[in-house]
Amino acid sequence: MKLKSLLLIGMLFLIVGCGNDNVNKVENEDVLSKQWGEIESSAKGTKVNLFMWGGDEGINQYIDEWATPRLQEEYNITLNRQPMNTEEFMQKLLTEKKAGKNKGTIDVIWINGANFKNAKNGDLLFGSFTNKLPNFNEYISSTDQNAKFDQGTKIEGLEAPWGNVQFVFNYDSSKIDSPPKTLDELKQWIIDHPGKFTYPNVSDFTGNTFVKHLLVAGAGGNTDILAKEVDEDLLKKSEDYIWGYLSDIKASLWRRGETYPESLTKLDTLYSQGEVWMTMGFNSARAESLIANGTFPESTKSFILEQPGSISNTHYLSIPFNSPNPEGAMTVINFLESPEAQIAKMDPDMWGEGTVLNFNKLSEDNQKKIKSLDRGESVLSPEILNQYKLPDLDTGYTEWINNEWANRVIEK
């Protein structure tokens, strides 16, 4: 009898779960069928719960002191920032999904990469909403590479681009007059200046991304394919170039390539001590704070490689499947994609990261505002960054580099 009871309870749980799932889908489709004016009108006077990483004071300041009061003033929306690690709110959504909870407590989540892939595969997201957002349609559009794929996963309107960082090299201009412009020039510079360059171990995200640029070059710059799911043929086509390049520079690296900094922090330390003359990182404006606090020399500047370009990393905002206020969520996300909000976010006194908006689609006035931002002398112009921006690659390429690098580089 007990076994039969347990089986019956399990069957009922599945039925209720499916029923709740259907309720969510019908309600969400109803919201998505509304005109934008209706959506904005429904959002007025509501509260929107934004769950996001809260470990950076500049980011928190931007949300609490800049975005929140403007949303209150312009839309009568109360934005409630809830600091929580991505893994935690992902687990929360998964638990609610399994429990059939069709009204949760989260309206907007900050997400990207593997977490987005898991959320999409787990049916934890609201639905395809980005084509409803006026600012997305006007300044980004679904044809933008960062709106089509998130590290190899098809986005299909399930998340909206929010912020962008881009890979740059930092160098000491008191020691280097003219930095290299291509991978070939970089190789020659390394050979001509033995011991003055290295890159982090590829288990570090920065070191891995450095090698990804070699992958792009080896694949003939075919980023349209590389931004999608892993292509084994491209890997075969690229591997000779990648491992040949790293082999060619190894003897000229810091400590002759016998050891590599285990993290970007360690590489930054080598740079700050003058042992190497270059470092690198995934934020075009990151050197400014390090110059200001005396870590980096004041002569620090930035450059990117025009060939193959500069890999960017985009993060996104999405809406959970059981958001209690999807209209409010969409209104908030649309506002955070506005030129006003994106330009404010670029200010180094706030957040200082790059915009997801296409610079060429902005009005002349907004382009001037971006150009007039004093982001510091070490920061490259938006025009240069935009011109050479590459999408990030599928996470499978990251794993492949991790697996192959030790055998191909370390053990040789």
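This passage describes a three-stranded sheet and the largest pocket of a predicted model.

The sheet is open, and its 3 strands follow the order 8-7-9 with antiparallel pairing. Strand 8 (278–281) and strand 9 (300–303) occupy the edges; each has a single partner strand, so one side of each is left without a neighbour in the sheet. On average, and with direction ignored, neighbouring strands of this sheet are turned by 30° against each other. The pairing between strand 7 (residues 168–172) and strand 8 is antiparallel and extends over 4 bridges. Within strand 7 and strand 8, Phe169 is placed opposite Met280, the latter belonging to strand 8.

The largest pocket encloses about 1,100 Å³ of space. Its lining comprises 33 residues, and those lying nearest the centre of the pocket are Trp53, Ile59, Trp110, Val165 and Asn283. Both helices and strands contribute two or more residues to this lining: the helices are helix 3 (57–75), helix 4 (86–98), helix 5 (113–121), helix 9 (205–218) and helix 13 (287–292), while the strands are strand 3 (108–111) and strand 10 (310–318). Helix 5 gives the most to the lining of the largest pocket, providing 3 residues.

In terms of residue class, the lining of the largest pocket consists of 14 polar, 13 nonpolar and 6 charged residues. Among the residues nearest the centre of the pocket are Trp53 and Trp110.

Conventions. Residues are numbered from 1 along each chain as its sequence is written. This is a predicted model: local features need pLDDT of at least 70, side-chain atom pairs count only at pLDDT 80 or more; totals for chains, interfaces and linings use all residues. Side-chain values use heavy atoms; hydrogens and water are left out. Two strands pair if DSSP finds at least two bridges between them. Axes are lines fitted to C-alpha atoms, for helices over the stretch in contact, and angles run from 0 to 180 degrees between N-to-C directions. On a 1 Å grid over the protein atoms alone, a cavity is a set of points where a 1.4 Å probe fits but cannot get out, and a pocket is an open set with protein on both sides within 12 Å along at least five of seven lines; lining residues have an atom within 4 Å of a point. Grid points are joined across faces, edges and corners, and a volume is the space filled by probe spheres set on the points. Ala, Val, Leu, Ile, Met, Phe, Trp, Tyr, Cys and Pro count as nonpolar, Asp, Glu, Lys and Arg as charged, and the others, Gly among them, as polar.
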